[in-house]
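Thanks for making the time this morning. I would like to walk you through how the strands and helices are put together here, so please bring the model up on your screens.

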Amino acid sequence: MADATPSGPVSDEAFRTICGEIVAAARDEGPFDGVLLNLHGAMVAEHHDDGEGAVLGALREVLGPGVPIAATLDLHANVTDEMARLADILVSYRTYPHVDLYEVGTEAADLLARAMAGEIRPHTCVARGAMIFALDHGRTTAPGPMLEVLDLAARAKAANPAILSISINAGFSRADIEQCGPSAVIVSDGDAPALREIAADLVDAMWQRRHQQTVQTIDIGQAMRRIARRAPGAKPTVIADFADNPGGGGYGDATGLLGALIEADIPGTVFATMFDPHVASQCHHAGVGATLSAELGGKIDPALGAPLAVTGRVERLTDGRLIYDGPRGKGISIEMGPSAVLAIGNVRVVLASRRFQALDRQFFLHAGIDPAAQAVVAVKSAQHFHAAFGPISSEVLVVDAGAGLTSDDLRKLSYNKVRRPVFPLDLD
Ligand SMILES: [Zn+2]
């Protein structure tokens, strides 16, 4: 098992090592009656634009055509024709925040077991349209396009006994590959042209809803005015640093929102996490209680928010190890490396030595901060934070600081390999 916070392409060495272990196990430890994989679906590697397609291809080569392969995918998967051809069963999460990992794993395993028993002959097809973005990022926290299209999919499945499973993928818009974007995936018992039409109809439903959004991001100034009006003693105002979400590939050290919060200096403000191994290390050397002046954040690309000149008190040091206890990924353990809490005026910042999306309360709790007892809780996350922080909030603000790799305007990014024309780059 291996995973990574989204970033640049997977190095060729990492790909060959990890894929090589999987393929070697399939070759040397078999024979196998079936294979169940837990993939993401939007991997881009240095030598493979379609990372998962390459994994499936290598596996298929050693397993032969007769062994059924099932894979679970993230709903942000870019499902390629190759993936659908090589796998017998593909099932994606249907929630964002992704809180149905267990259910989707069970669904894929059940289908695989039936295929292994010879009860079904699963076949997977995929359809996508002229868009790299739709479905409101796949959000399922409010009525909107994702829930509507999932509902259409559920009805299509109920009306057609040959359909075993339908997945609706929002895709990962920031991957510069030819087959990037939203897709509909149908797993059926046997193949039939009518199923491709159903998949195409679902893609059509996505296209019609491509402009619909359930969240309006606000800028930093609007956010600060909203915070200034918050009722004393209310549950926390939760602020998402949308434009610098490590879960979407953001560097995690953009300083725009943090700088504004430090300036506002509201008692009971906490922030997780700033990716800054250098300042985290400075804190560890200085020790708890020390006062420290540092250039915080903004180191990877200062154009996305220059480093902040800050002076703060080292409040706590941690080894950065924590175990999620929220609805999204409960039980998963992560290691952020040497971490620290730096108190800058009234703002306490959790510093980390590795990049993570702050989607669980443990990013604060592991460092001795109870987010529920704060006034303002800021997290670098776009949507996953809702699962853990929504229930403890009085208000949720999604702030697009403008600068940051995951800011909402895809037209600001350069694409070279995506099929053209597509929405929203060329088509409206
Ligand atoms: Zn996802």
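Let me begin at phenylalanine 271, whose bridge partner in β15 is alanine 378. Please keep in mind that what we are looking at is a predicted model. The two strands concerned are β8, residues 269-275, and β15, residues 376-379, and they pair in the parallel sense over four bridges. Both belong to an open sheet of eight strands, which has mixed pairing and follows the order β9-β10-β13-β14-β8-β15-β7-β16. At its edges stand β9 (291-296) and β16 (395-399), each of which pairs on one side only. If we ignore direction, neighbouring strands in this sheet are turned against each other by 30 degrees on average. Helix α9, residues 277-286, packs on this sheet, where it touches β9, β10, β13 and β14, and its direction makes about 170 degrees with that of β9.

Now to the other sheet. This one is open as well, with three strands in the order β4-β6-β5 and antiparallel pairing. Because β4 (122-128) and β5 (163-169) are at the edges and have a single partner strand each, one side of each is left without a neighbour in the sheet. Between β4 and β6, the latter covering residues 183-189, there are seven bridges in the antiparallel sense, and within this pair threonine 124 stands opposite valine 187 of β6. Helix α4, residues 101-116, packs on the sheet and touches β4, β5 and β6, its direction making about 145 degrees with that of β5. Helix α6, residues 193-208, also lies across β4, β5 and β6, and runs at about 35 degrees to β4.

Note on methods
Residues are numbered from 1 along each chain as its sequence is written. This is a predicted model: local features need pLDDT of at least 70, side-chain atom pairs count only at pLDDT 80 or more; totals for chains, interfaces and linings use all residues. Two strands pair if DSSP finds at least two bridges between them. Two residues are in contact if their C-beta atoms, placed from the backbone, lie within 7 Å. Axes are lines fitted to C-alpha atoms, for helices over the stretch in contact, and angles run from 0 to 180 degrees between N-to-C directions.
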